[in-house]
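User: I'd like a close look at one part of this model, with its surroundings explained step by step. Please keep it brisk.

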Amino acid sequence: MAAGQVINSITIVLMMVLPGFILGKINYFKEDFYTGLSRFALDICVPALILHSLQIDFSHELILGLGKTFAYWIPVLIAGGILSVILTRALHFTRAQMSLIFCMLGCSNTGFVGIPLCLQLYGEESLFFASACEIAGDVFLYSVIFTTIAFASGYKAELNFKTLFVNPPMIAMAIGLVLFFLQIRLPSFISTPIGYFSGCCAPVSLFILGAQLSKLTIRDFLGDPRMYVICAARLIILPLIAFLLVRVCFHDSSLFSRVFIIMIGMPAAAVTTTAAVNYGSDKEFAAKGVSLSTALCLFTAPIWAMIL
């Protein structure tokens with residue numbers, strides 16, 4: 001991708017991050033506001049974007065891309081698991097921290113960062129594949145990754161199928177796929193509001209991202225140097241594995257390949273911190289990993305975009 005186009009797209013993203021960062025720094029809103037806004041983004045905006053992205057003409061290329069998303073995500077997830085074990089043994093992390101590292105490496109922030117970035121880099125035609133990556137990440141997050149964290153924290157590891165399948169993005173994907181396969185177009189009084197909410201996804205998500213970054217301190221950057229190794233695995237090694245898998249092994253240079261690699265190269269998902277709190281794990285360790293990888297992503301994502 002041309003450097004000028006990447007710089008322009010990243011600048012737009014940063015300009016949408018900036019208001020949240022400034023208002024977060026001056027504590028303009030209470031913490032409850034950002035919590036509510038995050039729920040709005042995850043439960044309304046992201047599902048609306050998924051539905052909106054699936055209101056397109058049927059094509060075999062899109063179906064193939066949907067299947068490849070899940071097929072390619074599995075080896076990357078396995079690689080994340082192997083890396084988490086290697087890093088734990090080499091850098092002497094605890095068992096609980098290893099499960100959080102697996103979450104950081106196995107689940108990228110596709111919703112708040114990946115989808116808005118793909119929208120700016122590749123336009124609306126990329127949203128189908130970006131939405132597929134979001135759903136693939138959620139499936140593995142709520143099944144494999146959360147079960148691993150619960151087990152490492154001493155909880156009984158049970159797979160919650162309600163959490164796995166009954167959530168707004170998954171429901172939106174199910175409805176959207178039915179409409180897509182049957183080629184049913186929603187009436188304008190439904191599709192128009194969905195389009196408006198879909199358009200909120202990028203600015204709202206990036207505003208929240210700016211607020212999250214405003215909480216970072218110098219201590220977060222100069223603290224545990226081992227955290228930089230985890231971030232390097234998340235932002236460099238895993239997308240490199242995805243690049244070798246998609247571009248070298250399968251010789252795929254389509255739009256799908258660019259979206260998939262970009263999504264793999266996103267920072268650790270914010271839900272890592274939520275999981276740490278829910279299962280009594282190391283929440284400070286999780287918060288630092290998520291925050292630091294998010295900040296460093298602002299430097300690594302443009303490089304990957306130019307390479308692709």
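Which backbone oxygen lies 3.0 Å from a polar atom of the side chain of Arg 234?

Analyst: This is a predicted model. The backbone oxygen is that of Met 104, placed 3.0 Å from a polar atom in the Arg 234 side chain. A second backbone oxygen is also in reach. It belongs to Leu 105, and the side chain of Arg 234 comes to 2.8 Å from it.

Now place the residue. Arg 234 sits in helix 11, which runs over residues 226-249. Met 104 and Leu 105 fall in helix 4, residues 95-106. Arg 234 is buried but takes part in no salt bridge. Its nearest side chain of opposite charge is Glu 134, and that one is 12 Å away. A salt bridge needs a nitrogen and an oxygen within 4 Å, so Glu 134 cannot serve as a partner here.

What else touches Arg 234, leaving out residues up to four places away in sequence? One group runs Met 104, Leu 105, Gly 106, Cys 107 and Ser 108. Another runs Ile 264, Gly 265, Met 266, Pro 267 and Ala 268. Pro 239 completes the list.

One of these contacts, Ile 264, leads on to helix 12. Ile 264 is among the buried residues of that helix. The others are Leu 255, Phe 256, Ser 257, Val 259, Phe 260, Ile 261, Ile 262 and Met 263. That makes 9 of the 10 residues buried, so helix 12 is largely enclosed by the rest of the structure.

Helix 12 also feeds the nonpolar core. The largest core has 92 residues. Within it, Ile 230, Phe 260 and Ile 262 touch the most other members. Phe 260 and Ile 262 are both buried residues of helix 12. Ile 230 falls in helix 11, the helix of Arg 234. Look at Phe 260 more closely. Leaving out residues up to four places away in sequence, it touches Thr 69, Tyr 72, Trp 73, Val 76, Cys 133, Ala 242 and Val 246.

Arg 234 has no salt bridge, so where are such pairs found? The whole structure holds 2. In one, Lys 68 and Asp 252 meet through their side chains at 2.7 Å, N to O. Lys 68 lies in helix 3, while Asp 252 lies in the loop between helix 11 and helix 12. The two are 184 residues apart, and the pair links these distant parts of the chain. Lys 68 counts as buried because its relative accessibility is 18%. Asp 252 counts as buried too, at 8%.

The other bridge joins the side chains of Asp 57 and Arg 185, at 2.8 Å, N to O. Asp 57 is in the loop between helix 2 and helix 3, and Arg 185 is in the loop between helix 8 and helix 9, so the pair ties together parts that are 128 residues apart in sequence. Here the setting is open to the outside to some degree. Asp 57 is exposed, at 55% relative accessible area. Arg 185 is partly exposed, at 38%.

What about cysteines? A search of the whole structure gives 0 disulfides. Take Cys 200 as a case. Its sulfur is 5.0 Å from the closest cysteine sulfur, in Cys 45, and that is too far for a bond. Cys 200 is partly exposed, at 27% relative accessibility. Cys 249, which falls in helix 11 with Arg 234, is exposed at 54%.

Two loop residues deserve a short stop. Most residues other than glycine have a negative phi. Asn 27 has a positive phi, near 55°. It sits in the loop between helix 1 and helix 2, and it is exposed at 56%. His 92 also has a positive phi, about 60°. Its place is the loop between helix 3 and helix 4, and it is exposed at 64%.

Back to the start. Arg 234 is buried without a salt bridge. Its side chain instead meets the backbone oxygens of Met 104 and Leu 105.

Note on methods: Residues are numbered from 1 along each chain as its sequence is written. This is a predicted model: local features need pLDDT of at least 70, side-chain atom pairs count only at pLDDT 80 or more; totals for chains, interfaces and linings use all residues. Side-chain values use heavy atoms; hydrogens and water are left out. Helices (H or I, at least four residues) and strands (E, at least two) are DSSP runs, numbered from the N terminus. Buried means under 20% relative accessible area, exposed over 50%, partly exposed in between (1.4 Å probe, protein chains only). Lys and Arg count as positive and Asp and Glu as negative; His and the chain ends are not counted. A polar contact is a pair of N or O atoms within 3.5 Å; within protein, one must be able to donate a hydrogen and the other to accept it, and residues adjacent in sequence count only if both atoms are side-chain atoms. Contact means heavy atoms within 4.5 Å. A nonpolar core is a set of buried Ala, Val, Leu, Ile, Met, Phe, Trp, Tyr and Cys residues joined through side-chain atoms within 4.5 Å. A disulfide is a pair of cysteine sulfur atoms within 2.5 Å.
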